[in-house]
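Biologist: I would like a close look at a single part of this model, followed by whatever in the surroundings helps to place that part in context.

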Amino acid sequence: MTMVDRRGFLTGVGAACALALTPKFASAAPVPALRAGAESRPLAAVYRGPASSPGCPEAVATLLQNCPRNFRTVYVGPGEQTPLTASALANAAVYAQPGGPTLATGWAAMSEYADIVRRYVGDGGVYLGFCLGGYLAGATPGFGLLPGDTWRYISAPDATVKTAGASRITVNWRGAAQTLFFQDGPAFRIAGGQAEILATYAGGQPAALVAPYGAGRVGVVGPHPEADGTWFGRMDRTGAIHPELGFDLVEASLGALRV
């Protein structure tokens with residue numbers, strides 16, 4: 001297979017991971033302000049701002065709140081009660097970067113935070129990237145957290161989804177076929193280094209993986225295991241809602257780290 005240069009996505013049409021509708025996440029609990037030692041549950045900081053699309057941060061927060069670790073969550077970003085700063089991440093076990101607009105738009109909003117994110121993960125934090133968050137974990141452009149880079153899956157000659165619009169996609173997740181919500185998500189290119197591949201697209205391209213970065217870990221996914229039924233609009237949602245796969249990504253990303 002010929003790998004497609006991800007930089008072609010910078011001027012690509014359509015918004016990566018932007019939802020066809022604005023979903024309502026009734027299950028998302030209110031998000032508290034960041035405070036150290038307030039509860040015994042681990043803290044997850046979820047980005048919300050111009051590098052995310054409406055509903056995406058809320059879906060990731062809900063996933064983290066409902067996963068076996070039972071995270072408490074706080075939104076971080078411009079305009080939030082808690083800005084995205086090194087001190088804000090100091091008490092977080094996880095930093096999550098949700099789906100959002102195009103990579104060009106996302107990186108323009110996130111580049112000023114690159115050193116903060118890299119230092120957080122390098123010092124032992126966990127980065128979770130969903131769709132655009134997966135792209136941003138790459139290097140051209142991005143945070144440079146992966147042992148390789150990312151590229152636009154729908155540009156692959158053997159891609160099973162060719163549209164940048166909302167769709168369904170079937171991936172192989174730990175040996176089982178699983179269908180998930182998908183919207184122009186990344187594939188991952190491993191160029192040396194260690195990585196645990198959790199899922200692959202039909203052509204064998206990595207669709208979800210976990211890799212070390214410094215003293216921390218990085219977990220990324222192209223499709224959306226955090227999506228609930230409201231994301232699908234008129235599409236058939238049957239068999240395509242799999243929060244347990246999101247839980248698997250979280251647990252694999254935490255690995256042996258103490259949380």
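Which backbone oxygen does the side chain of S52 reach, and at what distance?

Modeller: The model is a predicted one, and within it the side chain of S52 reaches the backbone oxygen of G49 at 2.8 Å. S52 itself is found in the loop between β1 and α1, and with a relative accessibility of 11%, which is under the 20% cut-off, it counts as buried. Once its neighbours within four places in sequence are left aside, S52 is in contact with Y47, P57, P98, G99, G100 and P101. One of these, P98, is 46 residues away from S52 along the chain, yet the two C-alpha atoms are separated by 6.2 Å.

The two elements that flank this loop can be taken next. Helix α1 covers residues 56-66, and because 10 of its 11 residues are buried, it is largely enclosed by the rest of the structure. The buried set consists of C56, P57, E58, A59, V60, A61, T62, L63, L64 and Q65, and P57 is also one of the contacts of S52. Around the helix, these buried residues pack against the strands β1 (43-47), β2 (72-76), β3 (94-97) and β4 (126-130), and against helix α6 (243-254) as well. In the loop that leads from α1 to β2 lies N70, a residue other than glycine whose phi is nevertheless positive, near 55°; with a relative accessible area of 34%, N70 is partly exposed.

Strands β1 and β3 also serve as packing partners for helix α3, whose buried residues pack against α4 and α5 (132-136) too. In α3, which spans residues 103-110, the buried residues are L103, G106, A109 and M110. Seen down the axis of α3, they fall within an arc of 135°, so they line one face of the helix. This agrees with a general point about helices: an α-helix has 3.6 residues a turn, so residues three or four places apart point the same way.

Between β4 and α5, the loop holds C131, which is another residue other than glycine with a positive phi, near 55°, but C131 is buried, with a relative accessible area of 0%. Further along, the loop between α5 and β5 contains P141, and the peptide bond from T140 to P141 is cis, with omega near -5°. Strand β5 (residues 148-152) includes R152, which counts as buried at 11% relative accessibility and whose side chain makes a polar contact with the side chain of D184, at 2.8 Å.

Helix α4 has a further role in the description, as it supplies 3 residues to the lining of the largest pocket, the largest share of that lining. The pocket has a volume of about 150 Å³, and both α2 (86-89) and α4 (114-122) supply at least two residues of its lining. Among the lining residues are A86, L89, I116, R119 and Y120, and the lining as a whole divides into 6 nonpolar, 2 polar and 2 charged residues.

As for the wider setting, the protein chain has 6 helices and 11 strands, and buried residues make up 54% of its 259 residues. Of the contacts between residues at least 6 apart in sequence, 72% join residues at least 24 apart, and the pair of S52 and P98, 46 residues apart and in contact, is one example.

Conventions. Residues are numbered from 1 along each chain as its sequence is written. This is a predicted model: local features need pLDDT of at least 70, side-chain atom pairs count only at pLDDT 80 or more; totals for chains, interfaces and linings use all residues. Side-chain values use heavy atoms; hydrogens and water are left out. Buried means under 20% relative accessible area, exposed over 50%, partly exposed in between (1.4 Å probe, protein chains only). Helices (H or I, at least four residues) and strands (E, at least two) are DSSP runs, numbered from the N terminus. Contact means heavy atoms within 4.5 Å. A polar contact is a pair of N or O atoms within 3.5 Å; within protein, one must be able to donate a hydrogen and the other to accept it, and residues adjacent in sequence count only if both atoms are side-chain atoms. On a 1 Å grid over the protein atoms alone, a cavity is a set of points where a 1.4 Å probe fits but cannot get out, and a pocket is an open set with protein on both sides within 12 Å along at least five of seven lines; lining residues have an atom within 4 Å of a point. Grid points are joined across faces, edges and corners, and a volume is the space filled by probe spheres set on the points. Ala, Val, Leu, Ile, Met, Phe, Trp, Tyr, Cys and Pro count as nonpolar, Asp, Glu, Lys and Arg as charged, and the others, Gly among them, as polar. The arc is that of the directions from the helix axis to the C-beta atoms.
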